[in-house]
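Here is a protein to explore by question and answer. Look at the sequence and the model first, then work through each turn.

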Amino acid sequence: MFHSLTGALELGLMYALMALGVYITYRILDFPDLTVDASFTTGAGIAAVMITHGYAPWVSTLAAFGGGLAAGACTGLLHTKGKVNGLLAGIIMMIGLYSINMRIMGKPNISLLGEDTLLSGVASHEWHDVRLGYIAVLIGLAAVVKLLLDAFLHTDLGLSLRATGDNKRMIRSFGSNTDLTTILGVSLSNGLVALSGALIAQDGGSADISMGIGMIVIGLASVIIGEAIFGPKRVFWATFAVVIGAIVYRIVYALALRAEWLHLRTTDLKLITAVIVVLALVIPTVSRTAKQRQQAKRRTAELMAEFRGKGAI
């Protein structure tokens, strides 16, 4: 069980980068971007191909990030310059990227077994079957990406990006180019998603053409779970909540698979994800409704007591 939880922590930290990307489009830009399902594979494919061709893992990982940036930029251009609906633009890019990913990879699956990867040096050091160095490096990587994103969102360009999602018409009246900020936001989002895909491929030892299917749901689950735990906060806490949400999601998933009475298998991943998302959405809503009803009843009782005291009843 302990080994499963540490494995879930490792995966959660890698998926946290993807969740941060989804947070940019879903929460900041209010943009329903489905490119994520394909750009995740793009990052994995680029990293795998370059590593197997002898390139340094860090160069391959950066190239994967660049591939994600390019994919997101195409989606942003379709939406802003082509005037295509945001949801449809994401679907079009998701479909097109499938063929592009096959071109990049050359075959449906690329094995990285035996290859040096970005974290292979620290992955070999274990303590009681726990890769402490590996976890420490992943925590550091997730923290660096999170803090860099926080710093960017506090710059003038980052503030314009946040304002574009809040009120595009208002920020346009101040002279900001909302098309540019939208393209930048979607591009950065998919860059982080591709970076996550590259890390997952290197960790799992292979890149597969179908590994990105359902990533948008996992990203949304991480964002929603984080918000359910911490609530809406400032940028620093919002991004921190997303990282924690990704970790909690992987731990809940690992625990669900370990619960023998549920009789779940690895093929039930999508069902588990859907249930987790539903619970994360419904529980806060039910809790908030219950509190509002209690407050209403308390207020009604106070008013009735006040009227009785005045002899009105």
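Q: In which helix is Thr 178 found?
A: This is a predicted model. Look for the helix that covers residues 178–204. Thr 178 is found there, in helix H9.

Q: Is Thr 178 buried or exposed?
A: Buried means under 20% relative accessible area. Thr 178 has a relative accessible area of 3%. That value is under the cut-off, so Thr 178 is buried.

Q: Which residues is Thr 178 in contact with, leaving aside its neighbours within four places in sequence?
A: Contact means heavy atoms within 4.5 Å. With the neighbours within four places left aside, the partners of Thr 178 are Thr 164, Lys 168, Ile 171 and Arg 172.

Q: How many helices and strands does the protein have?
A: From the N terminus on, the elements run α-α-α-α-β-α-α-α-α-α-β-α-α-α. Read α as helix and β as strand. The count is twelve helices and two strands.

Q: What share of the residues in the protein is buried?
A: The protein has 313 residues. Buried residues make up 44%.

Q: What span should helix H2 have at 1.5 Å a residue?
A: Helix H2 covers residues 36–52, which is 17 residues. The expected span is 1.5 Å times one less than the number of residues. The end C-alpha atoms of H2 are 24 Å apart, which agrees with the expected 24 Å.

Q: How many residues of H2 are buried?
A: H2 has 17 residues and is mostly covered. Just after H2 comes Gly 54, with a positive phi near 95°. Within H2 itself, the number of buried residues is 16.

Q: What arc do the buried residues of H6 cover around the axis?
A: H6 has buried residues that include Tyr 134, Leu 138, Val 145 and Leu 149. The buried residues of H6 are on the same side of the helix, because the arc they cover around the axis is only 140°.

Q: Is Ile 283 buried or exposed?
A: Ile 283 is found in helix H12, residues 269–309. Exposed means over 50% relative accessible area. Ile 283 has a relative accessible area of 52%, so it is exposed.

Q: Which residues make the nonpolar surface patch of about 370 Å²?
A: Ile 283 is exposed, and it is one of the residues in this patch. The full set is Leu 271, Val 275, Leu 279 and Ile 283.

Terms used
Residues are numbered from 1 along each chain as its sequence is written. This is a predicted model: local features need pLDDT of at least 70, side-chain atom pairs count only at pLDDT 80 or more; totals for chains, interfaces and linings use all residues. Side-chain values use heavy atoms; hydrogens and water are left out. Patches are made of residues with over 30% relative accessible area and no salt bridge: like charges are joined within 9 Å, nonpolar side chains (Val, Leu, Ile, Met, Phe, Trp, Tyr) within 5 Å. Accessible areas come from the Shrake-Rupley method with a 1.4 Å probe; for residues, only the protein chains shown count as cover. A salt bridge is a side-chain nitrogen of Lys or Arg within 4 Å of a carboxyl oxygen of Asp or Glu. Helices (H or I, at least four residues) and strands (E, at least two) are DSSP runs, numbered from the N terminus. Buried means under 20% relative accessible area, exposed over 50%, partly exposed in between (1.4 Å probe, protein chains only). The arc is that of the directions from the helix axis to the C-beta atoms.
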